[in-house]
Amino acid sequence: MLNRRHIRIKVMQTLYSMQQNDSDKLDGGEKFLFNSIENIQDLYLLMLTSLIEIQRKEEDFLAVSQKKHLATSQERNPNRKLVDNQVLKALSESVSVLNALEDRAVAHWHVNDQYIQILINEIKQSELYEEYMNSGLVSFKEDRNFVWRVFTEIVAPNEKLYDFFEDTKLTWLDDLPLVNTMIQKQLKQLTEEDLQILVPRLYKDFDDKDFARQLYRKTLLNSAELNKEFVDKTPNWDSDRIAEIDNIILRMAICEMLKFTSIPVKVTINEYLEIAKEYSTPKSSIFINGILDNISKAYQADNKLNKIGKGLL
């Protein structure tokens with residue numbers, strides 16, 4: 001699920017949090033880092049199971065309506081197309097999802113089901129729902145496209161959910177785009193022959209987890225030396241004038257240049273420029289690009305870049 005840029009962002013957030021709390025405890029920061037990464041899976045499960053809860057809540061509603069003493073004809077014989085949706089049923093029966101929910105002890109919707117009702121209300125007020133329920137068709141393709149569109153157009157951008165996640169775990173706000181993209185991709189790839197939803201691994205492989213640990217440790221433990229690498233090369237800037245996030249980004253980028261032999265310098269610079277554009281001031285990416293470009297050229301001239309492999313400089 002995670003890509004290298006998101007790992008870099010998680011390390012940056014950890015270092016920023018430590019700096020704000022005036023902490024330099026290696027183990028405490030590392031625990032925060034990996035908890036923050038592992039919590040991404042909880043967010044993934046919450047977003048995915050919101051679809052399951054929508055189906056369950058609607059099924060309960062139909063059952064109660066049928067038992068009314070003065071139930072209408074429509075209530076006695078309701079349109080069950082939503083609750084019988086093949087994709088929603090497959091999600092609710094997914095062994096991978098059920099096991100992950102148990103392992104991670106995720107039960108937020110049981111105590112916050114008002115958000116599920118908000119989603120149901122928005123779905124029922126949409127043209128998408130009206131068209132789906134009254135199309136007269138019953139097909140896997142229609143079921144899948146409906147669920148994908150509900151997630152993409154109603155669930156993923158929902159402001160109430162956004163507020164809920166912000167109140168629950170602040171770091172989740174940065175994880176939402178990653179999680180939503182993963183779920184959209186999974187839903188789109190479902191076929192009638194293969195309706196399995198598998199909870200993705202957090203890391204592509206062990207190297208990615210080790211990259212997170214080593215980038216955090218090497219940046220933190222070499223902080224003073226890394227600061228000197230760019231402060232000395234910015235004579236027109238006092239260190240106090242460099243924004244905290246920019247300072248952390250520069251340290252991480254220089255650390256990566258010097259201590260990660262398999263990562264090309266161009267990749268490092270591009271990655272941290274993109275992070276700066278998203279997390280720092282409007283002018284930061286220009287400032288950071290200038291410093292990193294000058295530093296990388298100086299390193300190459302002095303043979304300080306110990307890169308392994310062709311094209312890594």
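Is Asp42 buried or exposed? In this predicted model, Asp42 is buried, because its relative accessible area is 9%, which falls under the 20% limit for that class. The side chain of Asp42 nevertheless has a charged partner: it meets the side chain of Arg104 in a salt bridge, with an N to O distance of 2.7 Å. This pair links distant parts of the chain, since Asp42 belongs to helix H2 whereas Arg104 belongs to helix H5 (residues 95-104), 62 residues apart. Arg104 itself is partly exposed, at a relative accessible area of 28%. The bridge thus has one buried partner, Asp42, and one partly exposed partner, Arg104.

Helix H2 takes part in a further contact of this kind. Glu59 forms a salt bridge with Arg80, and their closest N and O atoms are 3.3 Å apart. Glu59 lies in helix H2 and Arg80 in the loop between helix H3 (73-76) and helix H4 (86-92), so the bridge ties together parts that are 21 residues apart in sequence. Glu59 counts as partly exposed, with 32% relative accessibility; Arg80, with 31%, also counts as partly exposed.

Helix H2, which spans residues 26-66, also contains Ser65. Ser65 is buried, its relative accessible area being 6%. The side chain of Ser65 reaches the backbone oxygen of Phe61 at a distance of 2.9 Å.

The bridges described so far belong to a total of 19 salt bridges found in a search of the whole structure. In general, side chains of opposite charge can pair when their charged atoms come close. Another example is found within a single helix: Asp293 forms a salt bridge with Lys297, where the closest N and O atoms are 3.1 Å apart. Both residues lie in helix H16 (residues 284-301), and their separation of 4 residues is about one turn of the helix. Asp293 counts as partly exposed at 29% relative accessibility, while Lys297 counts as exposed at 51%. Elsewhere, Arg5, Arg8, Glu256 and Glu271 are joined into one network by salt bridges that share partners.

Charged residues also appear on the surface without such pairing. Glu159, Asp163, Glu166 and Asp167 form a negative surface patch. Among them, Asp167 is placed in helix H10, which covers residues 159-168. Asp167 counts as exposed because its relative accessibility is 66%, a value over the 50% limit for that class.

Two loop residues deserve attention for their backbone geometry. Most residues other than glycine have a negative phi. Asp22, by contrast, has a positive phi, near 55°. Asp22 lies in the loop between helix H1 (4-20) and H2, and is exposed, with a relative accessible area of 74%. Ala105 likewise has a positive phi near 55° and is a residue other than glycine. Where is Ala105 found? Ala105 is in the loop between H5 and helix H6 (108-111). Its relative accessible area is 62%, so Ala105 is classed as exposed.

Notes:
Residues numbered from 1 in each chain as written. Predicted model: local features only at pLDDT ≥ 70, side-chain atom pairs only at ≥ 80, totals over all residues. Heavy atoms only, no water. Patch = residues over 30% accessible without salt bridge, like charges linked within 9 Å, V, L, I, M, F, W, Y side chains within 5 Å. Areas by Shrake-Rupley, 256 points an atom, 1.4 Å probe, with all protein chains shown as cover. Salt bridge = Lys/Arg side-chain N within 4 Å of Asp/Glu carboxyl O. Lys, Arg positive; Asp, Glu negative; His and termini not counted. Charge placed at Lys NZ, Arg CZ, Asp CG, Glu CD. Helix = DSSP H or I, 4+ residues; strand = E, 2+ residues; numbered from the N terminus. Buried < 20%, exposed > 50% of the residue type's maximum accessible area, 1.4 Å probe, protein only. Polar contact = N/O pair within 3.5 Å; in protein donor to acceptor, adjacent residues only side chain to side chain.
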